[in-house]
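Let's take a walk through a protein model, one helix at a time. Have a look at the sequence and the 3D picture before reading on.

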Amino acid sequence: MARDDPQVLVAVLQMVLQTAAALELDRAQLLAAIGLDEAHVTDRDGYVPLSKLVRLGEQIADACPGVNVGLAALDYVRPSTLGVLGYVVSHGAHLADSLKAFARYQNLVSPAVRWQVRLGAVAQIRIDAAPPLQRLAFPLETQVGLWIAVGRSLTGRAWAPRRVQLCHQPRGPAEEFAERFGCAVEFGAPVNQLDLPAEVVALPIVGARPELQPSLARLAETLLEGNATPDDHTGRVRALLLEELPRGLTSKDAAARRLGISARTLARRLHEEGASFRELLEDVRQTLARAWLIDPDVAIHEVAYLLGYSEPSTFHRSFRRWTGQTPTAWRRQSAST
C-alpha cells in the first residue's frame with residue numbers, strides 16, 4: 001500500500017454511501033465525482049484509496065452544512081463493516097478481548113486510522129487518524145462512535161461510555177452527541193478518545209464462540225502479512241474464501257456475485273491466471289482445516305461444518321487425500337510436535 005494514499009476497506013465506503021443516501025444525496029453523482037462506479041464498490045472485502053473516501057466525505061459535508069454526518073453514519077455501522085475483522089471480534093469471550101483483537105488487526109480495515117487500546121480500571125481507546133481524515137473531522141465522530149455501536153451490538157446491552165473526547169467542533173447540534181453516545185462530549189480536546197468503565201469491557205459477547213478465537217487470530221495474521229490488496233482474481237477469490245467459507249460461501253456463483261462479476265467471467269479470468277475456483281476452494285479448505293485442527297477445543301465435526309461439508313465423512317475423505325492421515329491422527333501428531 002502506498003504510504004501517501006493508504007487503502008480503506010470497501011465496506012467502509014459502502015457505509016458512507018448509505019449515509020449519503022439517507023441524507024438524500026445522489027449515489028451515482030457522488031461516485032462519478034470521485035472517479036468510481038458501482039463495479040468498484042461491489043466487493044465489500046476489496047479496498048479503495050483513502051483519497052477517494054476523503055473526497056466522498058468532502059462532497060457530503062459540503063452538501064449538508066449543519067449536519068453531524070459522522071453521527072448519521074453510525075446508523076449503518078455493524079460488525080460486518082469491519083470485514084474479516086468483524087468476524088474476529090464477534091468471537092471474543094468479552095468486550096475486552098474484542099477490543100484487543102481490533103487493535104491488533106485494525107490494518108485489515110485501513111492503516112489510515114490507528115487505535116490504541118489501554119485496559120485498566122478505565123479502558124481508554126485513543127484514535128489517531130491520517131491528516132486528511134482529521135481535517136474532514138466528521139469521520140472521527142464515526143470512529144469514536146464505532147465501538148459504542150459495535151460494542152452495544154456485540155454485548156446486547158445499551159451501555160454508555162464514561163467519557164468521549166473529540167479534537168474538532170461539531171457541525172450540528174452538540175446535544176445530538178449526548179443523545180447518541182449516552183454522555184456529554186468534550187469538543188476541542190487534545191485527543192480523540194473514548195473511555196469505557198471496567199464493567200463494560202468485562203461484558204460477555206452474545207453468541208460468541210471463544211474456542212474459535214485462536215484459529216481466527218491465525219487467519220487474521222495470515223491476511224495481515226499480505227495486506228496489500230490483490231490485483232489478480234486468484235488472490236481476490238482466495239481472500240474472499242478465507243473470510244466467507246466459515247459463513248457458508250462454497251460456490252463459484254456466490255463468489256462471483258460478491259466480486260461483482262458473472263460466474264462465467266470469474267471462471268475465465270481464473271483460467272487465464274492458471275487457477276480454478278475448485279482448486280482455490282480446496283486450497284483454502286486445507287489451510288483452514290489445519291488451523292482449526294491445531295485447536296483442541298474445536299471438535300472435528302465442527303471443523304467439517306465450518307469448511308462447508310454437509311457430512312463429516314466427506315471431510316474425513318478429503319483430509320486423508322490432502323495429508324494421508326485422518327483428522328484425528330493429524331491432530332494427535334500435531335499436538336505431540
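How are helix 6 and helix 8 oriented to each other: parallel, antiparallel, perpendicular or oblique? Before the answer, a word on the model: it is predicted, so local features need pLDDT of at least 70 and side-chain atom pairs count only at pLDDT 80 or more, while totals for chains, interfaces and linings use all residues. Residues are numbered from 1 along each chain as its sequence is written, and side-chain values use heavy atoms, with hydrogens and water left out.

## Helix 6 and helix 8

Helix 6 covers residues 95-105 and helix 8 covers residues 138-155; their axes come within 11 Å and cross at roughly 135 degrees. Helices here are DSSP runs of H or I with at least four residues, strands are runs of E with at least two, and both are numbered from the N terminus. The axes are lines fitted to C-alpha atoms, for helices over the stretch in contact, and angles run from 0 to 180 degrees between N-to-C directions. Helix 6 and helix 8 are therefore oblique to each other. For the cut-offs, angles under 35 degrees count as roughly parallel, over 145 as roughly antiparallel, 65 to 115 as roughly perpendicular, and the rest as oblique.

Who does the touching? On the helix 6 side, Leu-95, Ser-98, Leu-99 and Phe-102 make the contact, and they meet Leu-146, Trp-147, Gly-151, Leu-154 and Thr-155 of helix 8. Contact means heavy atoms within 4.5 Å. By class, this contact has six nonpolar, three polar and no charged residues. The nonpolar ones are Ala, Val, Leu, Ile, Met, Phe, Trp, Tyr, Cys and Pro, the charged ones are Asp, Glu, Lys and Arg, and the others, Gly among them, are polar.

Helix 6 is mostly covered, with eight of its eleven residues buried. Among them are Leu-95, Phe-102 and Tyr-105. Buried means under 20% relative accessible area, exposed means over 50%, and partly exposed is in between (1.4 Å probe, protein chains only).

## Helix 14 and its two sides

Now over to helix 14, residues 263-272, where Ala-263, Thr-265, Leu-266 and Leu-270 are buried. Seen down the helix axis, the buried residues fall within an arc of 160 degrees, so they line one face of helix 14. That arc is taken from the directions from the helix axis to the C-beta atoms. On the other side, Arg-264, His-271 and Glu-272 are exposed.

What do the buried residues of helix 14 pack against? They pack against helix 12 (233-244), helix 13 (252-259) and helix 15 (277-293). Take helix 12: its axis and that of helix 14 come within 9 Å and cross at roughly 120 degrees. His-233, Thr-234 and Val-237 of helix 12 make this contact with Leu-266, Arg-269 and Leu-270 of helix 14. After helix 14 comes Gly-274, whose phi is positive, near 75 degrees.

## Three loop residues

Here are some loop residues to find in the picture.

| Residue | Loop between | Relative accessible area |
|---|---|---|
| Glu-24 | helix 1 (10-22) and helix 2 (27-33) | 74%, exposed |
| Ala-121 | strand 3 (113-118) and strand 4 (122-129) | 68%, exposed |
| Ala-137 | helix 7 (131-136) and helix 8 | 12%, buried |

Glu-24 has a positive phi near 65 degrees, although it is not a glycine. Ala-137, also not a glycine, has a positive phi of about 75 degrees. Leaving aside its neighbours within four places in sequence, Ala-121 is in contact with Pro-197 and Ala-198.
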